[in-house]
Amino acid sequence: MSVQISIEDTGDVFPCAETKHLLAGMIQLGKKGIPVGCRSGGCGVCKVKVLSGDYISKKMSRDHVTEDEERQGVVLACRVFPQTDLKLSVIGHLQKAIMR
Ligand code: FES
């Protein structure tokens with residue numbers, strides 16, 4: 001099953017399968033310049049903040065997401081699997097790419 005992900009900063013909405021990570025869904029959006037790095041939670045380029053919705057997150061490097069940030073919904077898109085529709089805001093390296 002697929003859920004809907006909305007990017008609050010741009011109004012973009014894209015589908016993402018519950019079995020795929022958010023970054024995979026974002027790549028399908030086809031925006032040029034979406035930074036895709038390690039895809040395994042180690043490089044930090046895909047940082048986003050989840051504003052609402054439920055998700056499962058896998059292990060993320062503490063160099064990129066502190067415990068405090070994680071509590072506020074800051075996650076690495078390549079480590080997060082949406083379980084319901086999500087609303088998110090892009091931060092860090094992703095912001096420049098998505099805002100084009
Ligand atoms: S792509 Fe490297 S942390 Fe997500």
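The largest nonpolar core holds 23 residues, of which Leu22, Cys46, Val48, Val75, Leu76 and Ala77 touch the most other members. Such a core is a set of buried Ala, Val, Leu, Ile, Met, Phe, Trp, Tyr and Cys residues joined through C-beta atoms within 7 Å. Two or more residues come to this core from each of β1 (2-7), α1, β3, β5, β7 and α3 (93-98). In soluble globular proteins, nonpolar side chains tend to be buried together.

The model is predicted: local features require pLDDT of at least 70 and side-chain atom pairs count only at pLDDT 80 or more, whereas totals for chains, interfaces and linings use all residues. Residue numbers start from 1 along each chain as its sequence is written.

Ala77, one of the core residues named above, touches His21, Leu22, Leu23, Met26, Cys46 and Val48, with residues up to four places away in sequence left out. Contact here requires that the C-beta atoms of two residues, placed from the backbone, lie within 7 Å.

**Overall fold**

The chain contains three helices and seven strands, arranged along the sequence as β-β-α-β-β-α-β-β-β-α. Its radius of gyration, 12 Å, is close to the 13 Å that the globule rule gives for 100 residues, so the chain is as compact as a globular protein of that length. The radius is taken over C-alpha atoms, and the rule is 2.2 Å times the number of residues to the power 0.38. Helices (H or I, at least four residues) and strands (E, at least two) are DSSP runs, numbered from the N terminus. The C-alpha trace spans about 30 × 25 × 20 Å along its principal axes. Of the 100 residues, 29% are buried; this class requires 20 or more other C-beta atoms within 10 Å of a residue's own, exposed means 12 or fewer, and partly exposed lies in between, with C-beta atoms placed from the backbone. Among contacts between residues at least 6 apart in sequence, 63% join residues at least 24 apart.

**The sheet**

Five strands form an open sheet with mixed pairing, in the order β2-β1-β7-β3-β5. Its edge strands, β2 (13-17) and β5 (74-76), each pair on one side only. From one strand to the next the twist averages 40°, where axes are lines fitted to C-alpha atoms, for helices over the stretch in contact, and angles run from 0 to 180 degrees between N-to-C directions. Strands count as paired if DSSP finds at least two bridges between them. Two antiparallel pairings are set out below.

| Strands | Bridges | Opposed residues |
|---|---|---|
| β1 and β2 | five | Gln4 and Pro15 |
| β3 (47-52) and β7 (86-90) | four | Lys49 and Ser89 |

The first two strands, β1 and β2, form a hairpin with five residues between them, and Gly11 in the turn has a positive phi of about 80°.

**The loop between α1 and β3**

Arg39 lies in the loop between α1 and β3 and has a positive phi of about 60° although it is not a glycine. Most residues other than glycine have a negative phi. Arg39 is partly exposed because 17 other C-beta atoms lie within 10 Å.

Cys43 is found in the loop between α1 (22-28) and β3. With 18 C-beta neighbours inside 10 Å, Cys43 also counts as partly exposed. Neighbours within four places in sequence aside, Cys43 is in contact with Gly37 and Cys38. Cys43 and Leu76 are 33 residues apart in sequence, yet their C-alpha atoms are 9.2 Å apart in space.
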